[in-house]
Amino acid sequence: MALEPLRSRIGFLRRLLAQDCILCAAPSGDTPFCGGCAHDLPELGDACPRCAGPCPGGAVCGTCLGDPPSFDATVAAWRYGFPVDRLVLALKYGGRLALARAFGAALAARVADRQVDLLVPMPLAPPRLRERGFNQAMEIARALARGTRFTVEPHLVARVRDTPPQTDLPHDARAANVRGAFACMRAVAGMSLAIIDDVMTTGATAEAMARALKSAGARRVSAWVVARTPEPGR
């Protein structure tokens with residue numbers, strides 16, 4: 001195909017798919033955020049590669065050195081701050097499913113060079129899934145996988161124990177709250193897996209799920225999240 005007709009078709013498709021920025025409603029082309037709003041989104045800054053908590057120079061933090069988590073790495077699209085925090089809540093509790101596409105695209109840009117066998121969405125307990133009507137982690141995982149080489153495995157991990165929401169608990173009670181809450185439903189010997197979730201705060205939920213996956217034989221488990229809260233440690 002000649003170069004100019006190809007460029008013309010690409011330009012037509014971009015105009016066809018043009019959208020407005022989800023924050024300010026200015027034209028944003030084929031991306032969810034306009035240039036100005038994208039520039040203002042809260043960057044993670046120097047972070048520990050293991051837990052994505054703040055750490056000068058991007059070195060492994062003291063907490064992860066002294067007490068390594070079961071997950072091997074964490075990738076976060078943004079720091080959990082305004083306006084990302086409002087967008088996460090709008091998806092999770094407001095049912096704005098279109099935001100999952102923006103979150104998936106942001107994660108895709110950060111993990112394009114990563115190699116994993118499966119994306120594993122953080123599961124919800126059945127009562128909470130019925131109440132909410134959707135699993136935000138599943139929607140983000142599907143958006144991330146769309147147009148990429150990644151494959152989503154929605155039923156690999158089950159939530160076998162319903163627990164109070166982590167947000168309702170003090171940080172030092174969260175690990176006990178989710179301990180033993182997950183079960184891997186089949187062997188994953190030698191596989192590299194990525195847990196998909198919206199927010200990591202203490203890392204307790206990712207720890208419990210990674211432990212279940214490692215017990216089933218996973219070689220490596222990463223946590224890929226939309227946002228990481230700025231609290232140091234887990």
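**Close-up views of a predicted model**

Of the 234 residues in the protein chain, 47% count as buried. This is a predicted model, and the legends below take a few spots one at a time.

**View 1. The whole chain, before zooming in.** The secondary structure adds up to 9 helices and 8 strands. About 11,700 Å² of the chain is exposed, with carbon and sulfur atoms supplying 55% of that. If you take contacts between residues at least 6 apart in sequence, 69% of them join residues at least 24 apart.

**View 2. Ser 222 and the pairing of strands 3 and 8.** Ser 222 sits in strand 8, which covers residues 220–228. Is Ser 222 buried or exposed? It's buried, because its relative accessible area is just 5%, and the cut-off for buried is under 20%. Setting aside neighbours within four places in sequence, Ser 222 is in contact with Ala 73, Leu 193, Ala 194 and Ile 195. Ala 73 belongs to strand 3 (residues 73–79), where 6 of the 7 residues are buried. Strands 3 and 8 run parallel and are joined by 6 bridges. Look for Thr 74 here: its bridge partner in strand 8 is Ala 223.

**View 3. The cis peptide bond at Phe 82 and Pro 83.** Most peptide bonds are trans. The one joining Phe 82 and Pro 83 is cis, with omega at about 0°. Pro 83 lies in the loop between strand 3 and helix 4, the latter covering 84–92.

**View 4. Two alanines with positive phi.** Most residues other than glycine have a negative phi. Ala 25 has a positive one, near 70°, and lies in the loop between strand 1 (19–20) and strand 2 (27–29). Ala 52 also has a positive phi, near 65°, and its loop runs between helix 2 (35–40) and helix 3 (62–66). Which of these is covered up? Ala 52 is buried, at 3% relative accessibility, while Ala 25 is partly exposed, at 48%.

**View 5. Cysteines without disulfides.** How many disulfides does the structure hold? The count is 0. Cys 34 is in no disulfide, and the nearest cysteine sulfur, that of Cys 24, is 3.6 Å away. The cut-off for a disulfide is sulfur atoms within 2.5 Å, so that pair doesn't qualify. Cys 61 is in no disulfide either; its nearest cysteine sulfur belongs to Cys 64, 3.6 Å away. Cys 34 counts as buried at 12% relative accessibility, and Cys 61 is buried at 7%.

**View 6. A salt bridge linking distant parts of the chain.** The structure holds 5 salt bridges, and one of them joins Asp 198 to Lys 92, with the closest N and O atoms 3.6 Å apart. Asp 198 is in strand 7 (residues 192–200) and Lys 92 is in helix 4, which puts the partners 106 residues apart. Both Asp 198 and Lys 92 are buried.

**View 7. Salt bridges between sequence neighbours and along a helix.** Side chains of opposite charge can pair when their charged atoms come close. Asp 85 does this with Arg 86, the closest N and O atoms being 2.8 Å apart, and Asp 85 is buried at 13% relative accessible area. Over in helix 9 (residues 204–215), Arg 211 and Glu 207 are about one helical turn from each other, because they are 4 residues apart. Their side chains meet in a salt bridge of 2.7 Å, N to O. Glu 207 counts as buried at 15% relative accessibility, whereas Arg 211 is partly exposed at 44%.

Terms used: Residues numbered from 1 in each chain as written. Predicted model: local features only at pLDDT ≥ 70, side-chain atom pairs only at ≥ 80, totals over all residues. Heavy atoms only, no water. Buried < 20%, exposed > 50% of the residue type's maximum accessible area, 1.4 Å probe, protein only. Contact = heavy atoms within 4.5 Å. Pairing = 2+ DSSP bridges. Areas by Shrake-Rupley, 256 points an atom, 1.4 Å probe, with all protein chains shown as cover. Salt bridge = Lys/Arg side-chain N within 4 Å of Asp/Glu carboxyl O.
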